[in-house]
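Me: I am a first-year student, and I would like a close look at one helix in this model. Please show me how to read its sides, and then set it beside other parts of the chain.

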Amino acid sequence: MIALLLIAYLVIGLLVAKAFVYFDGPDAESPGIAMFFCLFLWPIMVLLELSASSSASWDGWAERLASSNGPTTAAFGKDTAMIDPADWLELAKALPVGGKSSHVHNCGSGRKLLVEHKPNGYAAWCYRCGEPGFVPKARPPLAERIAALKERRDIDQKAVLTIKPPLPAVFDPREWPLEARVWLYKAGFDNDWIEDIGFYWHERLKRVVMPVLSDLNKLVFWQARGFDPAFAKYLSPELGADQHKPIYKAEPVRPVERDASVLCLTEDILSANKVGQVVTGWSLLGTKLNALSEAEIAKFGASKVLVWLDPDEAGVSGRRKIVPQLRARGIDAKAVRADLDPKLYPLEDIRRKLLVHSAT
Ligand SMILES: [Zn+2]
């Protein structure tokens, strides 16, 4: 297939070169241009075309397959050939949900066979054969699905009844589902950093649990982030009317010229861990400052308190209340305004921003 295309392009190139010679005569400059066109430009175009078509088919086919829940051949009509699942199904099953990998297909050498584990089934595409493959996952009956949904809601409801974090814990991020890891990778955390700060995956809750420790290293609270839109994104223990949310205090694991005398308050735990590599980073676990946290901040005695919440409505209105609240207590507090959540900036950018704000 590839060889045929290449030959076709070269023949066309040679014809074009001949045409130039024919129209301009043998003395003109055009044979040179034509030779260049023929020898260099065409092969480059062929290569560009091939790389574009292979990635385009890899991107597009999976979506086409995903939109179809029908039996394998129905998705493509009667004429479309499918790769034999015996060639690839086990490879796809070995992947985590959302995972993709490329392999050698029995049609030739090179890793031309791409397989993917999708939420609704297993998919393949060989871009030498130009053929897809898809095996849908069997959908459990409705009653079973409702029972499973109820069971997961029950697990959530039970978990929030206690400040003891849910166990067992999977600490190695390499064993987590892809989307859970990607959430942290996107904020600049790598596997070692994730392990250092003690985040873990809880299989039954299907969430990343972030433990909150006291100054005495006692577990006092936790927050869990989920990835299934059918369930609450964040889960944390329910507090009684007389209980206050604690502060999450980040540890300096990857310090970048850290000035611990400056205290930066953030909304979420990831952000506190990012700013906590540059200054002292604490998360309020929300956008409100309760009396206990306020007293703790005063006791810390920072040279400067920077309030850097997310740039959304809740964050901005929180910041507008918290800064005057701290100043009323005689604390040198200042708001940090930025276009993004603190967690989304690289450490060097955070350092530059906080330096500017703490200097004035
Ligand atoms: Zn093939």
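Reply: Here is a close look at helix α10, followed by its surroundings and some other parts for comparison.

Start with a caution. This is a predicted model. The mean pLDDT of the protein chain is 84, and 78% of its residues reach 70 or more. Confidence drops below 50 over residues 48-78. Beyond near neighbours in sequence, that stretch has 28 contacts in the model.

Now to α10. It covers residues 347-359, so it has 13 residues. Check its length. At 1.5 Å a residue, the helix should span 18 Å. Its end C-alpha atoms are 18 Å apart, so the model agrees with the expectation.

Next, look at its sides. The buried residues include I350, K353, L354, H357 and S358. They cover an arc of only 120° around the axis, which puts them on the same side of α10. Here is the rule behind that. An α-helix has 3.6 residues a turn, so residues three or four places apart point the same way. Now turn the helix over. On the other side of α10, E348, V356 and A359 are exposed.

What does the buried side of α10 pack against? The partners are β10 (259-266), α7 (269-275), β11 (279-283), β12 (304-307) and β13 (333-335). Several of those names return in a sheet. That sheet is open, has 5 strands and follows the order β9-β11-β10-β12-β13. Its pairing is mixed. β9 (248-249) and β13 stand at the edges. Each has a single partner strand, so one side of each is left without a neighbour in the sheet.

Zoom in on one edge. β12 and β13 run parallel and are joined by 3 bridges. Across this pair, V305 stands opposite A333 in β13. Another helix is found here too. Helix α9 (residues 313-327) lies across β12 and β13. Its direction is at about 165° to β13.

Try the reading on a second helix. In α5 (residues 178-186), A180, R181 and L184 are buried. They cover an arc of only 95° around the axis, which puts them on the same side of α5. What covers them includes α6 (191-196), β5 (200-202) and β6. After α5 comes G188, with a positive phi near 90°.

β5 and β6 lead into another sheet. This one is open, with 4 strands in the order β5-β6-β7-β8 and antiparallel pairing. β5 and β8 are its edge strands, and each pairs on one side only. Walk across it. β5 joins β6 through 3 bridges. H202 has R207 in β6 as its bridge partner. Then β6 (residues 207-213) meets β7 (residues 219-226) through 7 bridges. V208 stands opposite R225 in β7. The hairpin of β6 and β7 has 5 residues between the strands, and N217 there takes a positive phi near 60°. Last, β7 pairs with β8 (residues 234-235) over 2 bridges. R225 appears again here, with Y234 as its bridge partner in β8.

Now a contrast. Helix α4 (residues 142-159) has 18 residues and reaches 26 Å from its first C-alpha to its last. That is close to the 26 Å expected. Yet α4 is hardly covered: the count of buried residues is 1.

Compare strand β2 (residues 113-118). It is mostly covered, with 6 of its 6 residues buried. L113, V115 and H117 point one way, while L114, E116 and K118 point the other way. Both sets are buried. β2 has partners as well. It pairs antiparallel with β1 (residues 100-103) over 4 bridges, where S102 has L114 as its partner. It also joins β3 (residues 121-126) through 6 bridges, again antiparallel. There V115 stands opposite A124 in β3. β2 and β3 form a hairpin with 2 residues between them.

Finish with a single residue. F134 lies in strand β4 (residues 131-136). F134 counts as buried because 28 other C-beta atoms lie within 10 Å, and the cut-off is 20 or more. Its C-alpha is separated by 8.0 Å from that of M82, although the two residues are 52 apart along the chain.

How values were computed:
Residues are numbered from 1 along each chain as its sequence is written. This is a predicted model: local features need pLDDT of at least 70, side-chain atom pairs count only at pLDDT 80 or more; totals for chains, interfaces and linings use all residues. pLDDT is the predictor's confidence in each residue, from 0 to 100. Two residues are in contact if their C-beta atoms, placed from the backbone, lie within 7 Å. Two strands pair if DSSP finds at least two bridges between them. The expected span of a helix is 1.5 Å times one less than its number of residues. A residue is buried if 20 or more other C-beta atoms lie within 10 Å of its own, exposed if 12 or fewer, and partly exposed in between; C-beta atoms are placed from the backbone. The arc is that of the directions from the helix axis to the C-beta atoms. Axes are lines fitted to C-alpha atoms, for helices over the stretch in contact, and angles run from 0 to 180 degrees between N-to-C directions.
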